[in-house]
Number of protein chains: 2
Amino acid sequence: MAKDKKLVEHITAMDEDFAQWYTDVVRKAELCDYTSVKGCMVFKPAGYAIWELIQKNLDERFKATGVENVYLPMFIPESLLEKEKDHVEGFAPEVAWVTHGGLNELQERLCVRPTSETLFCDFYSKEIESYRDLPKVYNQWCSVVRWEKETRPFLRSREFLWQEGHTAHATAEEAEARTIQMLNVYADFCEDVLAIPVIKGRKTDKEKFAGAEATYTIESLMHDGKALQSGTSHNFGDGFARAFGVQYTDKDNKLQYVHQTSWGMTTRMIGAIIMVHGDDSGLVLPPKVAPTQIMIVPIMQKKEGVLEKAEELRSVLASNFRVKVDDSDKSPGFKFAEQEVKGIPLRVEVGPKDIEAGQAVVVRRDTREKTIVPFDKLSETCEALLAQMHDDMYAKAKAHRDANTHVATNWDEFTDILEKKQGFIKAMWCGEEACETAIKDETGATTRCIPFAQEKLGDVCVHCGKPAKHMVYFGKAY
Amino acid sequence: MAKDKKLVEHITAMDEDFAQWYTDVVRKAELCDYTSVKGCMVFKPAGYAIWELIQKNLDERFKATGVENVYLPMFIPESLLEKEKDHVEGFAPEVAWVTHGGLNELQERLCVRPTSETLFCDFYSKEIESYRDLPKVYNQWCSVVRWEKETRPFLRSREFLWQEGHTAHATAEEAEARTIQMLNVYADFCEDVLAIPVIKGRKTDKEKFAGAEATYTIESLMHDGKALQSGTSHNFGDGFARAFGVQYTDKDNKLQYVHQTSWGMTTRMIGAIIMVHGDDSGLVLPPKVAPTQIMIVPIMQKKEGVLEKAEELRSVLASNFRVKVDDSDKSPGFKFAEQEVKGIPLRVEVGPKDIEAGQAVVVRRDTREKTIVPFDKLSETCEALLAQMHDDMYAKAKAHRDANTHVATNWDEFTDILEKKQGFIKAMWCGEEACETAIKDETGATTRCIPFAQEKLGDVCVHCGKPAKHMVYFGKAY
């Protein structure tokens with residue numbers, strides 16, 4: 001469709017139909033589109049550019065902790081996938097199988113990687129001999145495939161982009177420390193870059209990764225009160241190492257199994273940005289991952305000197321910001337609406353009267369607040385406004401989460417909250433999987449995590465009344 | 001294998017067995033490794049880091065010409081692949097087919113993309129409506145799969161990494177201009193960044209891309225005298241647009257077909273770096289894509305102050321260079337050998353005597369030339385040496401290419417050169433495919449390109465004696 005037609009269409013109000021609002025925003029902000037390949041999507045320039053900024057920032061954080069990037073094949077031979085029992089049970093039902101290469105049938109089927117633990121184990125089993133070869137702290141940026149039945153842009157698609165880190169260590173302690181270290185990298189990234197507050201914790205055994213000893217997670221809350229698992233970090237102990245024979249000779253010349261971890265974050269974080277920060281006018285991008293941070297809109301751009309001034313301001317701002325001039329032949333009002341849909345953090349308006357007064361009007365996307373700024377203060381004001389906008393977006397998201405986090409001390413309260421409210425429910429739990437399953441079956445709410453920050457809300461399980469083991473965050477989730 | 005064992009193994013001399021030398025260097029420089037997946041490789045940290053630097057530099061060059069990055073699915077439905085006749089004939093015999101998703105057989109087979117023209121056409125057919133939507137200048141970084149029978153690290157593998165640009169334009173002229181523009185980006189990149197001289201030209205109809213009207217190429221010459229196609233840029237005219245119905249409404253409200261291009265460069269450029277610049281001691285990395293540009297080696301590092309000085313120098317150099325200190329417990333001689341194998345451009349040696357004299361010894365990887373440098377001049381000297389090294393590596397590669405470029409004016413000369421010498425053969429050609437095929441069948445040499453810089457070496461075809469149409473570069477190629 002031509003751009004003009006697209007924009008004048010209506011965006012459904014969030015509170016009217018959140019799912020439709022999400023789809024409208026994704027489409028009108030031109031982030032992605034469906035394709036002829038069922039369940040797979042196109043990342044359009046505006047969507048992919050957000051991912052590039054996420055990648056760049058995360059990759060720098062990884063490398064600062066000693067991570068090295070590698071690239072392993074996208075195919076996994078069936079026999080390799082089957083080596084670790086829990087893992088294959090978890091993934092085999094949802095992988096895509098390659099059976100033919102060129103004109104010939106393959107002797108062994110290959111699956112398109114749903115995740116690469118098995119390939120890394122195979123690689124490490126050849127690569128690691130002695131304690132001198134440890135630790136291995138590798139990561140790869142790639143796409144993976146999971147044959148999902150229901151798909152939604154960014155949140156669940158058959159192919160998605162992610163990074164997957166895979167490490168091997170001499171000791172269990174070192175592996176556990178790396179697992180927590182990477183969880184903290186994800187949490188800091190979400191809060192400091194995406195302005196999304198997260199809860200850190202451990203998954204229950206039922207919810208942990210197929211083959212892991214422990215899975216740690218960061219959980220965030222979307223505007224509609226549903227939770228989103230936003231990044232996970234797994235400690236495998238020596239389970240995979242035993243299945244794949246990944247061993248090293250220690251300093252006493254004794255053969256030992258390595259201890260392994262893996263951790264990943266995906267393009268679903270673009271979905272999180274939309275659902276945490278967006279509003280009825282469209283996307284609101286956190287300044288640090290906004291591909292265009294400032295859009296300059298010339299007013300009465302045909303008047304002499306206006307476009308020149310806009311270009312001059314752009315060139316000054318370009319040394320500190322990702323900035324563009326919208327000099328298209330659309331009306332200023334249309335441009336404003338378009339930039340709102342696309343979530344561009346700051347708009348700078350400059351017209352003949354502004355030029356005469358030596359100033360520009362700067363408008364924040366999130367609050368619509370206008371600031372009149374002398375030209376020579378423009379750069380420092382934009383910097384301050386973007387920093388303030390990040391802080392305010394974080395504070396607003398946190399306030400929303402806090403207002404939508406409830407305590408249930410008994411089952412009546414639990415079901416009452418689910419019926420009348422939305423968001424997280426904090427409650428005590430007995431630690432038994434059967435009880436966890438019953439809660440899910442009865443209500444649709446799952447354990448999101450056993451938070452590191454435990455609180456004692458009571459002595460007994462909110463559901464079965466047996467002695468409580470943990471305080472848990474429950475919620476409905478994407 | 002443990003590192004120590006690996007290194008003391010012998011690297012085969014280039015002139016003794018070039019193919020074995022290549023394999024030895026790839027393995028000992030720890031660039032990549034074979035996997036349990038036949039024909040697929042692991043990019044190890046040292047290899048992947050080169051690709052990251054190639055990506056970063058190329059991506060900046062692309063974006064400077066207005067390119068936007070996107071990501072399209074890795075799967076192509078069989079019916080979509082079949083829409084353009086020449087294209088499917090070229091690729092169908094070498095694609096991998098996905099036939100099952102999860103536990104179910106798919107209704108339509110999907111191939112894993114060998115290249116994405118068909119997907120981009122499908123996308124553009126929905127995305128483009130009016131002349132206002134043009135041009136589209138999109139690129140993606142991804143991996144592609146071609147089910148090759150014979151594979152070699154970096155040069156030919158079943159899965160490889162690349163970028164593929166795909167553009168759509170209103171006019172034939174604009175498409176042609178973009179095709180040439182991107183060829184020039186590749187040529188400049190090879191020469192300015194990889195220090196590899198290239199010949200620019202057009203492929204013959206026989207050698208062009210499946211479905212293209214014209215394929216342009218840059219060809220480089222490896223140390224063993226074989227050619228390597230190093231980057232290609234294709235002009236499709238409106239052929240794909242007609243097959244896929246990619247149309248736009250022009251300013252006069254008339255429906256027109258778009259004109260399209262595509263262009264790609266792959267991880268085989270890592271193979272080119274090895275084969276153009278390497279020597280009997282291992283890899284020699286062009287400074288601009290060396291993941292570590294400077295390695296500081298402390299001499300007698302247990303003496304007081306040595307490690308501290310090494311760290312101090314590192315910290316000074318770190319603001320301008322990718323620099324590391326090798327403070328492992330290996331001997332300096334062992335460290336020197338290891339860094340030579342890995343191709344690190346500059347080595348800085350610093351020991352107690354140097355510290356006393358306030359200086360360090362800087363050694364170039366390519367020439368082994370030593371320079372004694374006062375500490376306070378270290379940064380500027382390293383900068384000058386790296387710049388000089390780039391220029392010298394380029395000049396050396398060009399001199400090698402020129403010395404191995406021969407002129408044949410008749411068939412006896414042509415076969416005589418092929419028998420006794422190596423490298424490119426410049427010769428006149430009639431322009432007929434049958435003659436080109438005969439030359440290939442008789443000698444194994446193929447047309448590398450019809451260079452833009454034409455020379456008139458005679459009036460008749462070097463093979464058949466008919467009137468000559470073009471001067472062509474012939475050669476044996478990877």
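Which residue is the bridge partner of A:Val98 in strand 5 of chain B? In this predicted model, the partner of A:Val98 is B:Val98, and this pair belongs to an antiparallel pairing in which strand 5 of chain A, residues 96-101, and strand 5 of chain B are joined over 5 bridges.

The contact between the two chains involves 59 residues of chain B and 59 residues of chain A. The size of an interface is often given as the accessible area lost when the parts come together. For chain B and chain A, the area buried between them is about 5000 Å², of which 58% lies on carbon and sulfur atoms. Of the area that chain B buries against chain A, 12% is supplied by B:Pro45, B:Tyr71 and B:Trp147, more than by any other three residues.

Polar and charged interactions were also found across this interface. The rule finds 6 salt bridges between chain B and chain A, and B:Arg132 forms a salt bridge with A:Asp329, in which the closest N and O atoms are 3.7 Å apart. The count of residue pairs in polar contact between the two chains, with both residues at pLDDT 80 or more, is 23. Strand 5 of chain B, with 6 residues, gives the most to the side of chain B that touches chain A, and the residues of that side divide into 33 nonpolar, 18 charged and 8 polar.

Within chain B, an open sheet of 11 strands with mixed pairing follows the order 3-7-8-14-11-10-9-22-23-21-20. Strand 3 (68-69) and strand 20 (405-407) stand at the edges of this sheet, and because each has a single partner strand, one side of each is left without a neighbour in the sheet. Strand 9 (residues 199-202) and strand 10 (residues 214-221) of chain B run antiparallel and are joined by 4 bridges, with B:Thr217 in strand 10 as the bridge partner of B:Gly201.

Strand 11 (227-237) of chain B is followed by a loop that leads to helix 8 (239-244), and B:Asp238 is found in this loop. B:Asp238 has a relative accessibility of 19% and therefore counts as buried, the cut-off being under 20%. Apart from neighbours within four places in sequence, B:Asp238 is in contact with B:Glu213, B:Tyr257, B:Val258 and B:His259.

Burial was also examined for helix 6 of chain B, residues 117-127, in which 9 of the 11 residues are buried, so that the helix is largely enclosed by the rest of the structure. The buried residues of helix 6 include the aromatic residues B:Phe120, B:Phe123 and B:Tyr124 as well as B:Glu117, B:Asp122 and B:Glu127.

Technical notes
Residues numbered from 1 in each chain as written. Chains lettered and ligands numbered in written order. Predicted model: local features only at pLDDT ≥ 70, side-chain atom pairs only at ≥ 80, totals over all residues. Heavy atoms only, no water. Buried < 20%, exposed > 50% of the residue type's maximum accessible area, 1.4 Å probe, protein only. Helix = DSSP H or I, 4+ residues; strand = E, 2+ residues; numbered from the N terminus. Contact = heavy atoms within 4.5 Å. Buried area = accessible area lost by both parts, 1.4 Å probe. Salt bridge = Lys/Arg side-chain N within 4 Å of Asp/Glu carboxyl O. Polar contact = N/O pair within 3.5 Å; in protein donor to acceptor, adjacent residues only side chain to side chain. Nonpolar A, V, L, I, M, F, W, Y, C, P; charged D, E, K, R; others polar. Pairing = 2+ DSSP bridges.
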